[in-house]
Amino acid sequence: MIKIKQVLHRIPLLIWFILLLVIIFSTRSSQYLTYRNLLILLQQGAVLLIVASAATFVIISGGLDLSLGAILTLGGIAAALAVTAGLPVPLVFLIGALTGAVCGGVNGFFISYCNLPPFITTLGTQGIFYGLALVLTNKEGIVIYDEAFLKIGATLDRKIPMAFICCLLLYIIIIFIQDRTRFGRYLYAIGGNAEGARLSGVHTRFWKFMIYAFAGLITGLAAVILTSRLEVADPIVGKKWEFEAICCAILGGTSMNIGKGDVKGTILGVALLTIIRSGMNVIRIPSIWQPAILGTILILSIVFEVRASMKEEK
Amino acid sequence: MSRKLTSSSLLPAMSRFAVLLVIIILGCVIDPSFLSLRNIGNNLANASILVILGVGETIAIVTNGPDLSAGSVMTMGGVVTAILMKSYNMNFAIAILAGLLAGCLLGALNGYMIAYVKIPAFISTYGLQWAVLGFAYVILNGYILYSFDESFRFIGNGWILNFISMATVCMLVIVTAGILLMKKTTFGRKCYSVGSNPIQAMMSGIDSKKVVMKAFIISGFTSAAAGILYVARMNSVQSDIGSSYLLNVLAAVYMGGTSAAGGEGGILGTIVGALAMTMVVNCMNLLAVPSELRDAVIGVLIIGTVLFDTMLRKQLAKRKAV
């Protein structure tokens with residue numbers, strides 16, 4: 001009995017909340033707890049999981065990246081251009097990843113080597129990346145017809161959620177990098193005490209730069225998958241993504257100021273967000289209200305989460 | 001102490017004016033009528049919205065951190081005022097008051113999250129931005145409101161003496177109030193003190209939470225005022241009027257020499273920054289720069305000025321140390 005209690009106690013509050021929501025939504029619609037709906041949820045949440053992991057890394061290191069949504073957009077457009085040019089799928093992934101890494105590298109360069117505040121830098125680059133995206137596409141979406149490429153993000157045979165599988169693989173690699181590599185260890189060292197890390201011989205400037213470049217890189221990969229799933233590269237598709245990603249990271253227990261956090265928690269935040277978003281359709285909230293309600297819920301959840309973690313620290 | 005401060009901040013201030021001068025010369029080269037009375041008046045009128053936004057943004061940044069919801073609160077102020085006049089046939093003065101009140105409330109919400117819940121400003125205000133935008137969309141129900149009262153439009157569009165617009169007058173009123181507030185009141189001193197060293201401020205008995213709260217309420221107020229002025233000028237409102245202003249106002253404030261670290265800078269600098277920004281936009285119009293590239297140019301400007309500022313400060317600090 002005691003053991004069960006201990007186990008129950010260790011389950012984060014967020015999981016109970018997610019379960020509660022699932023129960024509410026499933027009573028409202030008989031379609032909710034079907035495999036088909038699960039597939040839709042998985043496909044929708046998959047890309048956000050990767051972008052939120054990128055945000056988590058940056059936040060653990062004590063920074064912030066407001067340009068992730070713009071990188072997602074630009075990476076998708078680069079991939080779409082590559083596909084239309086007839087390049088094979090692996091090369092398209094490479095180009096998406098490179099675009100992301102270069103964008104992230106620009107952020108990292110200014111933040112780490114020039115000591116600029118992260119939010120100003122990434123807000124500025126957000127403008128630059130969106131501008132580039134609009135110029136590259138001539139303000140119109142690039143529709144993709146390439147069959148082989150579309151398979152990456154599609155739901156094959158109405159059964160196999162490919163976007164989810166790709167993102168899950170990537171997510172596992174990200175967890176591995178966080179837990180088992182020097183990069184992951186330095187991430188926490190820089191977030192916890194950058195000066196201490198520097199004095200103990202960590203080349204903090206270089207690794208901080210790498211953190212932003214890595215966040216850009218995985219966002220670029222996510223962009224390729226997103227483009228394949230949506231079958232179009234839209235020049236404003238990334239709007240708001242960075243905020244949702246940051247919210248998921250914070251909901252997953254990543255803290256803004258002490259180098260605390262874990263990408264493994266981020267998946268809970270992503271799950272919550274995806275369930276709420278789809279649930280709003282289930283309980284028939286008019287679409288015009290949905291951004292307002294989602295925004296309010298996200299802000300309230302951050303307020304709640306930050307208060308709870310502050311109590312814990314006390 | 002004060003003398004030292006001025007000598008160290010003189011060089012950055014000079015560099016701002018140099019930038020402004022370069023832009024003006026550039027404008028004259030592009031188009032000889034750049035310095036005509038009418039174009040100057042137009043530029044001033046166009047700058048008015050940015051300057052008003054900048055006053056609150058400067059106070060917020062000096063005290064604590066950036067108010068990234070400025071653009072959305074601007075939209076909300078305009079939307080509330082517009083809908084009260086259009087759908088509820090209210091007198092424009094009452095509608096304006098309601099719009100300003102909405103701005104103050106949103107500012108208070110920001111202040112509460114930052115000062116009392118202790119969420120960093122750039123996250124809480126960035127989040128509020130999206131929620132507020134959502135509600136503005138709900139209030140407008142997807143429509144565009146247009147053609148308002150003559151007397152309301154006079155605030156934004158009227159001209160006095162053929163080259164001073166009413167918008168400029170509004171701007172001057174708010175700017176004067178802001179400068180007096182920051183330079184001549186204890187509140188202003190407290191803002192600088194909280195911004196430069198929060199712990200020291202607390203030790204000397206300043207209730208920094210209250211100061212931050214007030215600073216963000218002011219920022220909400222000026223953002224809403226800018227939104228109302230925008231509606232009066234453009235004679236129409238939709239749910240994205242403020243979204244392009246966020247980058248512009250941040251660029252103006254940082255270009256004006258307000259330090260991103262807080263505790264340093266001022267409204268006068270922001271005015272110079274806003275004028276420079278407006279003329280940059282004016283030049284881009286004259287050069288027919290495609291509209292999609294404008295945010296990119298402004299992004300470059302933001303990073304460039306902050307980079308320049310950081311490097312200049314480093315040099316000054318080195319020189320002082322020697």
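**A tour of chain B and its meeting with chain A**

Start where the two chains of this predicted model meet: 34 residues of chain B are in contact with 39 residues of chain A. Now pick out the helices on chain B's side of that meeting. α5, α11 (245-255) and α13 (294-321) of chain B each bring at least two residues to the side that touches chain A. Colour α5(B) on its own, since that helix gives the largest share, eleven residues. Then try colouring this side of chain B by residue type: you'll find 25 nonpolar residues, six polar and three charged.

Next, zoom in on α5 of chain B by selecting residues 121-140. From first C-alpha to last, this 20-residue helix reaches 28 Å, close to the 28 Å expected at 1.5 Å a residue. Is it well wrapped up? Counting a residue as buried when 20 or more other C-beta atoms lie within 10 Å of its own, 17 of the 20 residues of α5(B) are buried, so the helix is largely enclosed by the rest of the structure. Step just past its end and click on B:Asn141, which takes a positive phi of about 60°.

Finally, zoom out and show the whole of chain B. In cartoon view, look for 13 helices and four strands. The C-alpha atoms fill a box of roughly 65 × 50 × 35 Å along the principal axes. Chain B has a radius of gyration of 19 Å, which agrees with the value near 20 Å for a compact globule of 322 residues. Buried residues make up 53% of the chain. If you draw the contacts in chain B with a separation of 6 or more, 79% of them link residues 24 or more positions apart.

How values were computed
Residues are numbered from 1 along each chain as its sequence is written. Chains are lettered from A and ligands numbered from 1 in the order in which they are written. This is a predicted model: local features need pLDDT of at least 70, side-chain atom pairs count only at pLDDT 80 or more; totals for chains, interfaces and linings use all residues. The radius of gyration is taken over C-alpha atoms; the globule rule is 2.2 Å times the number of residues to the power 0.38. A residue is buried if 20 or more other C-beta atoms lie within 10 Å of its own, exposed if 12 or fewer, and partly exposed in between; C-beta atoms are placed from the backbone. Two residues are in contact if their C-beta atoms, placed from the backbone, lie within 7 Å. The expected span of a helix is 1.5 Å times one less than its number of residues. Ala, Val, Leu, Ile, Met, Phe, Trp, Tyr, Cys and Pro count as nonpolar, Asp, Glu, Lys and Arg as charged, and the others, Gly among them, as polar.
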